[in-house]
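Visitor: Hi, I'm new to this one. Could you walk me through it?
Guide: Sure, let's pull it up and start with a pair of helices.

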Amino acid sequence: MCRGVSTSANMQTRQVKRVEKTPKLPVGMLEAEGLGRWIEKVICSKPAGAAATVYDAQVIPNVPVNGYLMRWAEWCPDLLPIVAVYLQKWVAVGNDITGHNVHRVLLSAMVVASKWHIDTPIGMSTFCQVGGVCREEISRMEVAFLRDIEWECHVNRETYQSVAQSLALC
């Protein structure tokens with residue numbers, strides 16, 4: 001969970017001073033970092049003998065989760081809060097984020113968010129290139145992800161703004 005801002009005046013002053021010294025990141029980068037920190041908190045090991053899912057990679061990718069999110073923040077920073085909402089829904093229905101599936105679950109959430117929330121969605125070839133997955137595999141993961149979140153793709157403005165702010169504060 002993200003830490004809230006302290007209500008004591010002393011802590012608020014220190015908090016403001018710390019923020020003033022922190023360099024401003026481009027739009028989406030704060031959200032990518034916040035989402036990365038949330039994922040680090042919920043990620044778990046894949047249990048021995050657990051059945052493979054459509055999201056599981058055979059080998060854990062060398063790309064750190066934060067690096068992967070930063071790459072996506074360059075392409076579509078406005079989608080990161082939506083992806084965070086989708087991931088929360090995905091975990092809430094009983095799925096686990098592991099080192100074997102985190103990149104592919106993020107990719108699936110990005111595909112769904114792009115198609116649902118952007119007038120001209122990002123092309124599948126871009127998802128294939130940035131995600132490092134073939135078109136057929138992305139399509140299978142997209143359908144599985146939609147089923148997993150029970151096709152609940154709408155994110156209202158209030159939720160979007162609240163999640164975006166939470167991610168920036170993480």
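Guide: Keep in mind that this is a predicted model. Look at helix α4 (residues 80–92) and helix α5 (residues 102–117): their axes come within 9 Å and cross at roughly 120°.

Visitor: What do you call α4 relative to α5 at that angle?
Guide: Oblique, because the crossing angle is roughly 120°.

Visitor: And is the crossing of α4 and α5 left-handed or right-handed?
Guide: The two helices make a right-handed crossing.

Visitor: Which residues make the contact?
Guide: On the α4 side you have L80, I82, V83, Y86, L87 and W90. From α5 come V105, L106, A109, M110, V112, A113, W116 and H117.

Visitor: How many of those are nonpolar, polar or charged?
Guide: The α4–α5 contact has 13 nonpolar residues and 1 polar one, with no charged residues.

Visitor: Okay, zooming out. How many helices and strands does the protein have?
Guide: There are 8 helices and 0 strands. Read from the N terminus, the order is simply α-α-α-α-α-α-α-α.

Visitor: What share of the protein is buried?
Guide: Of its 170 residues, 39% are buried.

Visitor: And what about contacts between residues far apart in the chain?
Guide: Take the contacts with a separation of 6 or more: 82% of them are between residues 24 or more positions apart.

Visitor: New topic: how many salt bridges are there?
Guide: The count comes to 3 salt bridges. One of them pairs E137 with R104, and their closest N and O atoms are 2.4 Å apart.

Visitor: Where do E137 and R104 lie?
Guide: E137 is in helix α7 (residues 135–148) and R104 is in helix α5, so the pair ties together parts that are 33 residues apart in sequence.

Visitor: Is R104 buried or exposed?
Guide: R104 counts as buried, because its relative accessibility is 13%.

Visitor: What does E142 pair with?
Guide: E142 forms a salt bridge with K115, and the closest N and O atoms there are 3.1 Å apart. This pair also links distant parts of the chain, with E142 in helix α7 and K115 in helix α5, 27 residues apart.

Visitor: How do E142 and K115 sit, buried or exposed?
Guide: E142 has 12% relative accessibility, so E142 counts as buried. K115 comes in at 41%, which means K115 is partly exposed.

Visitor: Which residue does E33 bridge to?
Guide: R37, with the closest N and O atoms 4.0 Å apart. Both E33 and R37 belong to helix α2 (residues 29–42), and they are 4 residues apart, about one turn of the helix.

Visitor: Are E33 and R37 buried or exposed?
Guide: In between: E33 is partly exposed at 26% relative accessibility, and R37 is partly exposed at 31%.

Visitor: Last thing, what's the phi of E150?
Guide: E150 has a positive phi of about 55°, although E150 is not a glycine. You'll find E150 in the loop between α7 and α8 (157–169).

Visitor: And what about W151?
Guide: W151 is in the loop between α7 and α8 too. Its phi is near 60°, again a positive value in a residue other than glycine.

Visitor: Are E150 and W151 buried or exposed?
Guide: E150 is exposed, with a relative accessible area of 52%. W151 is exposed as well, at 55%.

How values were computed. Residues numbered from 1 in each chain as written. Predicted model: local features only at pLDDT ≥ 70, side-chain atom pairs only at ≥ 80, totals over all residues. Heavy atoms only, no water. Axes fitted to C-alpha atoms, helices over the stretch in contact; angles between N-to-C directions. Parallel < 35°, antiparallel > 145°, perpendicular 65-115°, else oblique. Left-handed = near helix turned anticlockwise from the far one by under 90°. Contact = heavy atoms within 4.5 Å. Nonpolar A, V, L, I, M, F, W, Y, C, P; charged D, E, K, R; others polar. Salt bridge = Lys/Arg side-chain N within 4 Å of Asp/Glu carboxyl O. Buried < 20%, exposed > 50% of the residue type's maximum accessible area, 1.4 Å probe, protein only.
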